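Colleague: Could you take me through one part of this predicted complex in detail, setting it against how far the model can be trusted and how the chains meet?

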Amino acid sequence: MRLWRRTGEITCQELVELVTEYLEGTLPGRDRVRFERHLDGCPYCTIYLDQMRITIRTLGRLPEETIEPGARDALLDAFRDWKRERV
Amino acid sequence: MADDLSEERLLVDAVRRGDQTAFMRLVDDLGPLLLRVARMYVPSQAVAEEVVQETWIGVLNGIDRFEGRASLKTWIFRILTNIAKTRGGRERRSVPFSALAGAGGEERSVDPDRFFPPGHEQARGWALGPTPWEGPEESLLSGETRKTVLDAIDALPPSQREVITLRDVEGWSSEEVRNAMDITETNQRVLLHRARSKVRGAIERYLNAMEPTT
C-alpha cells in the first residue's frame, strides 16, 4: 500500500500509522520531512503525537513491583545451596 | 541493572564467586519483569512464580557458561522464556505473526470513523481529532488511570504485550528486544506501534469518559 498521495503530502490517517517509525528515527529522510511538514500545519496530529509521547513516558513510569518476600527468601536458600555444592 | 558492560561483567564475576549480594541485586532488579513476562506464557500466577524460581536456578547453573555475547538480561530472559514455554504448553513463539498477519496489516491505530472518508475534501483528515489531555502528566500514574494502562497492556495480544513491556515499561533497546524475542526490527516496530496505539486509545477513552458532560 502506498502511504503517500501523489501530491507528496501525508494525511492525518497516514500520519498516525507512522508515529512509531518517526519516534524511533527509522523514517527515511524525505518521509520525515513530510511528516514534520504535516505536523506544522495540523494541530490535531500535533496533539496526537504528544499523546503518544505521554503514553510512552507513562509506561516507563509505571511503578515497579517488588518480588514476594517468600520467593526472595526461597531464592536466597537456593543460592546458598548452589554455592555449597560449587566448592 | 547493570547497563554498562563492564559493570555487568563485574556482576557476573561476583555471582560466580558466590557473592550473595550480587545475586540478590540481580534478583531484585529483574525479578518483577521476569514474573510479568512469565505470566504471559502460563495460566496462573502460581505457575509463573515457579517458572521464575526455576529460571534463577537455571541462571546459577548456567552462569559459568555465560559468555557475554548477549547482554546478561537477554540471556536470563531467554532462559525464562524457554522454561515458561515448556510449562505453558502452548508454543507462543509461533503465534506472533499470525497475530500480525491475521488482524492484518489492516489493523488501525485509530478508529477509521474518526477521519473524513475518501471523496471528502478533507479525506483522511481528522473529523474527530484528539483533544489535549488536561492536568499534570503524573496524574496518569495514579489510581484508576494507572489501572487503565495496566488493563490495556493485559488486553494486548501476547507478542504486542511482550514488546511494549520490554521496550516501554522496562526501557530495553530495540536491539535487546529483537534479540530476546528473536524477531526482526520491522516486526518489533510494528508490534510496538500497535501496542502503543492501543494504550494511547485506552487512556483517551478513559479520560474522555471522565469529562463532565453538559
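Modeller: Since this is a predicted model, I begin with confidence, which in chain B is lowest in helix H5 (residues 96–102) of chain B, with a mean pLDDT of 44, and highest in helix H9 (residues 185–210) of chain B, at 94. Over residues 91–104 of chain B the pLDDT is below 50, and this stretch has 14 contacts in the model beyond near neighbours in sequence. Where pLDDT is low, the predicted coordinates should not be read in detail. Chain B as a whole averages a pLDDT of 86, with 88% of the residues scoring at least 70, and for the complex the predictor gives an ipTM of 0.80 and a pTM of 0.77.

The part I would look at closely is helix H2 of chain B, which covers residues 20–41. Its 22 residues, at 1.5 Å a residue, should span 32 Å, and because the end C-alpha atoms are 29 Å apart, expectation and model agree. Within H2(B) there is nevertheless a kink of about 50° at Leu30(B), shortly before the proline Pro32(B). Leu30(B) is also one of the buried residues of this helix, and the others are Phe23(B), Leu26(B), Val27(B), Gly31(B), Leu33(B), Leu34(B), Leu35(B), Val37(B), Ala38(B) and Tyr41(B). An α-helix has 3.6 residues a turn, so residues three or four places apart point the same way. The cover over the buried residues of H2(B) includes helix H1 (5–16), helix H3 (45–62), helix H4 (72–88) and helix H7 (158–169) of chain B, together with H4 of chain A.

That last element leads to the partner chain. Chain A has 4 helices and 0 strands, and 25% of its 87 residues count as buried. Between the chains, 38 residues of chain A are in contact with 43 residues of chain B. On the side of chain A that touches chain B, helix H1 (12–24), helix H3 (43–60) and helix H4 (69–86) of chain A each supply at least two residues, while H3(A) gives the most, with 12 residues. The residues of this side divide into 18 nonpolar, 9 polar and 11 charged.

For a contrast with the buried residues of H2(B), consider Asn208(B), which lies in helix H9 of chain B. Asn208(B) counts as exposed because it has 12 C-beta neighbours inside 10 Å. Its C-alpha atom is separated by 8.9 Å from that of Trp133(B), although the two residues are 75 residues apart along the chain.

Definitions and conventions. Residues are numbered from 1 along each chain as its sequence is written. Chains are lettered from A and ligands numbered from 1 in the order in which they are written. This is a predicted model: local features need pLDDT of at least 70, side-chain atom pairs count only at pLDDT 80 or more; totals for chains, interfaces and linings use all residues. Two residues are in contact if their C-beta atoms, placed from the backbone, lie within 7 Å. Ala, Val, Leu, Ile, Met, Phe, Trp, Tyr, Cys and Pro count as nonpolar, Asp, Glu, Lys and Arg as charged, and the others, Gly among them, as polar. A residue is buried if 20 or more other C-beta atoms lie within 10 Å of its own, exposed if 12 or fewer, and partly exposed in between; C-beta atoms are placed from the backbone. pLDDT is the predictor's confidence in each residue, from 0 to 100. The expected span of a helix is 1.5 Å times one less than its number of residues. The bend at a residue is the angle between axes fitted to the seven residues ending there and the seven starting there.
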